[in-house]
Amino acid sequence: MADEQLVNEEIETISLKTGLNTNMEPYNNSLHGTLKQKFPAVIPLNVGGVHFMTRLSTLTKYSDSMLAAMFSGRHIIDVDKDGCFFIDSNGTNFGHILEYLRHGSMPPKDVAEVVYKEAVYYGLTELIEMLQTTPRVAQITVNEAHRAQFPDYLEVKHRIIKIAMENATATNKGGEVIVHAFRKEFVPKVLHFNLNHSCVVDQAHLSVGPWEALADEEAFIRCLETDLISDGFNILKHESKRRCKYYYGQNCQRCIYRLQILFS
């Protein structure tokens, strides 16, 4: 009896917090004494301030999605002052998600990218796969796969921007960054080759590598430049790589690339 009273008190507390009428019986006591939220057949939604009305069966249509999990009763969904179940997301984008759940409708091409991100968030696998073949999302997917070849790519790009900012001055607004990029570690074949020689890589602001993908160092630098330009930076085309001139039975294979971001 004490446990039952505790559960009833907890239901009353939740009811007061959410504004739900206790006669609606939004929660159900399970066999293990835990609270389980109950949903009506028709669901009023408030998604980021945009209101929708849909069937519970529509939201739970794909059993492996996050929406199905949210409205399975296993989780507590916040309710606004009007009794609408609240989802803290973009309401406009959610409208496209709801149209897909209702009718299998694909969003317009100009919003395919943002709806793709929403589909990933809600775990709608089939919609994700369909959107991946639209032009913009396909481009994003390919670009992300290209970046994934290189170690800590986003962190490296951020560091390059920061270094360029630090190296830019009031009189010279071009921020230079010297990068030592290497797909494979240089291992000399000649006995007594001095790895501690005065090497061109000593000039580098940062080193990136090694990586297992087939893309070479030039591909890495081009990927960086393309991304920086896409982000809105003014980039001077990088110079050809500069190789180390040290020789002892064989050439040192290490090299550097010079990038420059203009802040004018």
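Two strands are said to pair if DSSP finds at least two bridges between them. In this predicted model, strand β6 (residues 174–181) and strand β10 (residues 255–262) go well past that mark, since six bridges join them and the two run antiparallel. Within this pairing, glutamate 176 of β6 has glutamine 260 in β10 as its bridge partner. β6 also pairs with strand β7 (residues 206–208), here in the parallel sense and over three bridges. In β7, serine 207 stands opposite histidine 180. Seven of the eight residues of β6 are buried, so the strand is largely enclosed by the rest of the structure.

A second region to explore is an open sheet of three strands, ordered β4-β3-β5 and mixed in its pairing. β4 (50–55) and β5 form the edges, each pairing on one side only. On average, neighbouring strands of this sheet are turned by 30° against each other, direction ignored. β3 and β4 run antiparallel and are joined by six bridges; valine 47, for example, has valine 50 in β4 as its bridge partner.

Helix α4 packs on this sheet, where it touches β3, β4 and β5, and its direction makes about 15° with that of β4. The length of α4 is easy to check: at 1.5 Å a residue, its 13 residues should span 18 Å, and this agrees with the 18 Å between its end C-alpha atoms. At the start of the helix, a side-chain oxygen of asparagine 90 comes to within 3.0 Å of the backbone nitrogen of threonine 92. After α4 comes glycine 104, with a positive phi near 75°. The buried residues of α4 are Gly91, Asn93, Phe94, Gly95, Ile97, Leu98, Tyr100 and Leu101.

Two of these names return in the largest nonpolar core, which holds 29 residues; Leu45, Leu67, Phe71, Ile87, Phe94 and Ile97 touch the most other members. At least two residues of this core come from each of β3 (42–47), α3 (66–70), β5 (85–87), α4 (91–103), α5 (112–122) and α6 (125–131). Which residues does phenylalanine 94 contact, leaving aside its neighbours within four places in sequence? They are Leu45, Val47, Phe52, Leu59, Leu67, Ile87 and Tyr122. Apart from this core lies another, of 26 residues, whose members include Tyr153, Val179, Ile221 and Leu224.

How values were computed: Residues are numbered from 1 along each chain as its sequence is written. This is a predicted model: local features need pLDDT of at least 70, side-chain atom pairs count only at pLDDT 80 or more; totals for chains, interfaces and linings use all residues. Side-chain values use heavy atoms; hydrogens and water are left out. A nonpolar core is a set of buried Ala, Val, Leu, Ile, Met, Phe, Trp, Tyr and Cys residues joined through side-chain atoms within 4.5 Å. Buried means under 20% relative accessible area, exposed over 50%, partly exposed in between (1.4 Å probe, protein chains only). Helices (H or I, at least four residues) and strands (E, at least two) are DSSP runs, numbered from the N terminus. Contact means heavy atoms within 4.5 Å. Axes are lines fitted to C-alpha atoms, for helices over the stretch in contact, and angles run from 0 to 180 degrees between N-to-C directions. The expected span of a helix is 1.5 Å times one less than its number of residues. A polar contact is a pair of N or O atoms within 3.5 Å; within protein, one must be able to donate a hydrogen and the other to accept it, and residues adjacent in sequence count only if both atoms are side-chain atoms.
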